[in-house]
Amino acid sequence: FQVADPVGQFGSLYDGTPTGLGGQFLLNSGRSPIEFGIGAAWQGMGSRKKNISIYQGEDIDGDEVWSKGEMHVSSNIYHYNGLIRLRPFAGNFQIYGDLIAGIKSFSTRTVIEEDNGGYTEVIDQRRDERDYGLSYGWAAGVKIRINQFMLVEGRFENLRGGEATYVDPNTISIDNEGELNYSTLTSNTSSMNYQIGLSFEF
């Protein structure tokens with residue numbers, strides 16, 4: 001489980017606390033304290049749902065035909081990183097430090113579902129905005145062993161982020177007919193991430 005604290009320009013412009021899931025996969029060659037791996041994370045920036053009317057056309061009498069539906073707009077951050085870890089101890093209590101570099105993607109998507117009398121059907125889905133920024137920094141963590149294979153882990157990341165353009169979730173508006181409006185922000189994308197979860201060793 002991961003929570004982000006935007007800092008710098010990102011923290012000044014974006015009013016929110018992205019939350020989501022993160023994980024790392026690392027390999028160790030023998031007894032070396034150096035590990036190499038990859039990391040990925042998803043953080044939700046905000047979303048908006050609204051019941052809408054969907055225009056179906058006209059009937060034989062020339063009257064407009066509408067159906068009921070729901071429009072869901074969500075903004076997310078996706079992290080993709082490579083990392084090098086120094087883990088000097090491999091016992092029941094472990095500390096480690098990482099060097100991290102990669103990219104983060106800011107994406108806003110819209111999904112429209114139509115109510116067909118008891119079941120819903122996705123009739124449209126699209127990406128409204130997408131941009132990328134570089135990401136690099138460091139992380140530190142601690143792991144406490146529960147059994148032979150499982151450990152509890154706490155982790156802190158300090159990531160500098162390059163400039164990117166992203167949707168301001170507080171400006172998203174949807175009218176009754178599904179017309180979407182929003183504003184975008186452009187800034188650096190630095191953040192401090194806090195993660196807690198489980199670690200598995202094999």
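These are my notebook entries from a walk through this structure, which is a predicted model.

**Entry 1: the fold**

I began with the secondary structure and found one helix and twelve strands in the protein chain. Reading along the sequence, I noted a strand, then the helix, then strands for the rest of the pattern: β-α-β-β-β-β-β-β-β-β-β-β-β.

**Entry 2: overall shape**

Next I looked up the dimensions. The C-alpha trace spans about 80 × 40 × 25 Å along its principal axes. I then checked the radius of gyration, and the protein chain has 22 Å, whereas a compact globule of 202 residues would have a value near 17 Å.

**Entry 3: inside and outside**

How much of the protein chain counts as buried? I found 37% of the 202 residues in that class. The chain exposes about 11300 Å², and carbon and sulfur atoms supply 55% of that area. I also looked at contacts between residues at least 6 apart in sequence: 64% of these join residues at least 24 apart.

**Entry 4: charges**

I looked up the charged side chains and found 16 positive and 26 negative ones. The centres of the two sets lie 17 Å apart.

**Entry 5: aromatic rings**

How many aromatic pairs does a search of the whole structure find? The answer is seven. One I wrote down is the pair of Phe149 and Phe202, which is stacked, with 5.8 Å centre to centre and 25° between the planes. Phe149 sits in the loop between strand E6 (120-145) and strand E7 (150-161), and Phe202 sits in the segment after strand E12 (191-200), so this pair ties together parts that are 53 residues apart in sequence.

I then asked myself whether Phe202 is buried or exposed. Phe202 counts as exposed, because its relative accessibility is 88% and the cut-off for exposed is over 50%. Its partner Phe149 is partly exposed, at 40% relative accessible area.

I also noted one aromatic cluster, formed by Phe10, Tyr14, Phe106 and Tyr166.

**Entry 6: Gln195**

I turned to Gln195, which has its place in strand E12. Gln195 counts as buried because its relative accessibility is 11%, and buried means under 20%. What does Gln195 contact, leaving aside neighbours within four places in sequence? I listed Phe1 and Gln2, then Gly22, Gly23 and Gln24, and then Glu153, Gly154 and Arg155. I also looked up its separation from Val3: the two are 192 residues apart along the chain, yet their C-alpha atoms are separated by 6.5 Å.

**Entry 7: Trp66**

Trp66 is in strand E4 (residues 64-86). With a relative accessible area of 36%, Trp66 is partly exposed. Apart from neighbours within four places in sequence, its contacts are Ser53, Ile54, Tyr55, Gln56 and Glu177. I checked Ile52 as well: Ile52 is 14 residues from Trp66 along the chain, and their C-alpha atoms are separated by 9.8 Å.

**Entry 8: Tyr80**

My last stop was Tyr80, also found in strand E4. Tyr80 is partly exposed, with a relative accessible area of 42%. Which residues does Tyr80 touch, not counting those up to four places away in sequence? They are Gly39, Gly102 and Ile103. For Arg48, 32 residues from Tyr80 along the chain, I noted a C-alpha separation of 26 Å.

Terms used
Residues numbered from 1 in each chain as written. Predicted model: local features only at pLDDT ≥ 70, side-chain atom pairs only at ≥ 80, totals over all residues. Heavy atoms only, no water. Helix = DSSP H or I, 4+ residues; strand = E, 2+ residues; numbered from the N terminus. Rg over C-alpha atoms; globule rule 2.2 N^0.38 Å. Buried < 20%, exposed > 50% of the residue type's maximum accessible area, 1.4 Å probe, protein only. Contact = heavy atoms within 4.5 Å. Areas by Shrake-Rupley, 256 points an atom, 1.4 Å probe, with all protein chains shown as cover. Lys, Arg positive; Asp, Glu negative; His and termini not counted. Charge placed at Lys NZ, Arg CZ, Asp CG, Glu CD. Phe/Tyr/Trp six-rings, centres within 6.5 Å; stacked < 30°, edge-to-face > 60°.
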